[in-house]
Amino acid sequence: LDPNRTANFNTRQNGYDMSADALGYPESYYTPPARAIDRIEMVKGAASLQYGSQFGGLLNFKLRDGNIDNKLEAHSYQTVGSFGYYDGFNSVEGQVGRLQYYAMHQFRRGDGWRENAGFQQNTAIASVGYQLTDKLQLKADLTYMKYLAQQPGGLQDFEFEQDPRSSKRDRNWFQVDWRLAALSADYIASASLKFNTRIFALQAERMA
């Protein structure tokens with residue numbers, strides 16, 4: 001997601017705000033891992049006014065809830081690449097009785113194509129849902145993300161032509177800590193009426 005293209009969108013995860021700015025900029029800080037996403041929902045036009053005053057619309061990342069057909073299901077993806085790149089993604093999910101769960105962890109690191117361009121990132125998501133009655137479901141979500149990236153500094157055209165992999169800075173660092181917590185309740189009153197209540201909090205910081 002280009003931050004400039006989502007500046008006028010309300011970006012959410014599982015229906016609650018996931019970015020520090022209510023009107024976008026998710027890519028600048030936190031975007032959920034693609035393997036943890038079940039689907040992406042977009043609401044535009046007058047219908048998006050129910051989520052706020054933004055004129056771009058709503059973009060919602062709906063994360064996986066857990067496979068209801070298995071008590072325990074595990075996935076593991078390990079990727080390696082050039083310049084010290086490594087990406088490890090592991091998850092467990094399932095349903096036991098009325099309890100549905102999903103948890104994942106992703107670790108990514110790399111040295112970068114240029115000097116002084118290394119990075120590392122940890123992301124963890126856990127969700128638990130409980131079907132209290134046939135009409136009432138309760139759910140809790142926790143999200144944690146932390147990354148540290150080194151930035152090698154910009155190059156002018158003639159510097160890029162001489163050596164595009166060179167670096168002018170060795171002390172530029174950028175670190176982000178992202179913590180999301182949410183509680184939700186879904187109540188089905190009838191075939192045409194459903195109530196949803198959400199309580200969520202975002203605690204985040206950035207250091208440069």
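This is a short talk on the largest pocket and one aromatic pair in the structure above.

Okay, hi everyone. Before anything else, keep in mind that this is a predicted model.

Let's start with the pocket. The largest one comes out at about 580 Å³. Its lining is made up of 26 residues, and the ones nearest the centre are Asn 14, Lys 62, Asp 186, Asn 196 and Arg 198. If you want to see which elements give two or more residues to that lining, they are β3 (37-43), β4 (57-63), β8 (119-131), β9 (136-150), β10 (173-190) and β11 (193-207). And what's the mix by class? The lining has 10 charged residues, nine polar and seven nonpolar.

Right, on to the aromatics. Searching the whole structure turns up five aromatic pairs, and I'd like to show you Tyr 77 with Phe 89. Their ring centres sit 6.1 Å apart and the planes are at 55 degrees; edge-to-face needs over 60, so this pair counts as tilted. Along the chain the two are 12 residues apart, with Tyr 77 in strand β5 (residues 73-81) and Phe 89 in strand β6 (residues 85-96).

So, buried or exposed, what about Phe 89? Phe 89 is buried, because its relative accessible area is 2% and the cut-off is under 20%. Tyr 77, at 34%, is partly exposed.

One last thing here: there's an arginine involved with both rings. Arg 35 lies over the face of Tyr 77, 4.2 Å from the ring centre. Arg 35 also lies over the face of Phe 89, this time at 6.0 Å from the ring centre.

That's my bit, thanks.

Notes. Residues numbered from 1 in each chain as written. Predicted model: local features only at pLDDT ≥ 70, side-chain atom pairs only at ≥ 80, totals over all residues. Heavy atoms only, no water. 1 Å grid on protein atoms, 1.4 Å probe; cavity = no way out; pocket = protein on both sides within 12 Å on 5 of 7 lines; lining within 4 Å. Points joined across faces, edges and corners; volume = space filled by probe spheres on them. Helix = DSSP H or I, 4+ residues; strand = E, 2+ residues; numbered from the N terminus. Nonpolar A, V, L, I, M, F, W, Y, C, P; charged D, E, K, R; others polar. Phe/Tyr/Trp six-rings, centres within 6.5 Å; stacked < 30°, edge-to-face > 60°. Buried < 20%, exposed > 50% of the residue type's maximum accessible area, 1.4 Å probe, protein only. Lys NZ or Arg CZ within 6 Å of the ring centre and 35° of its normal.
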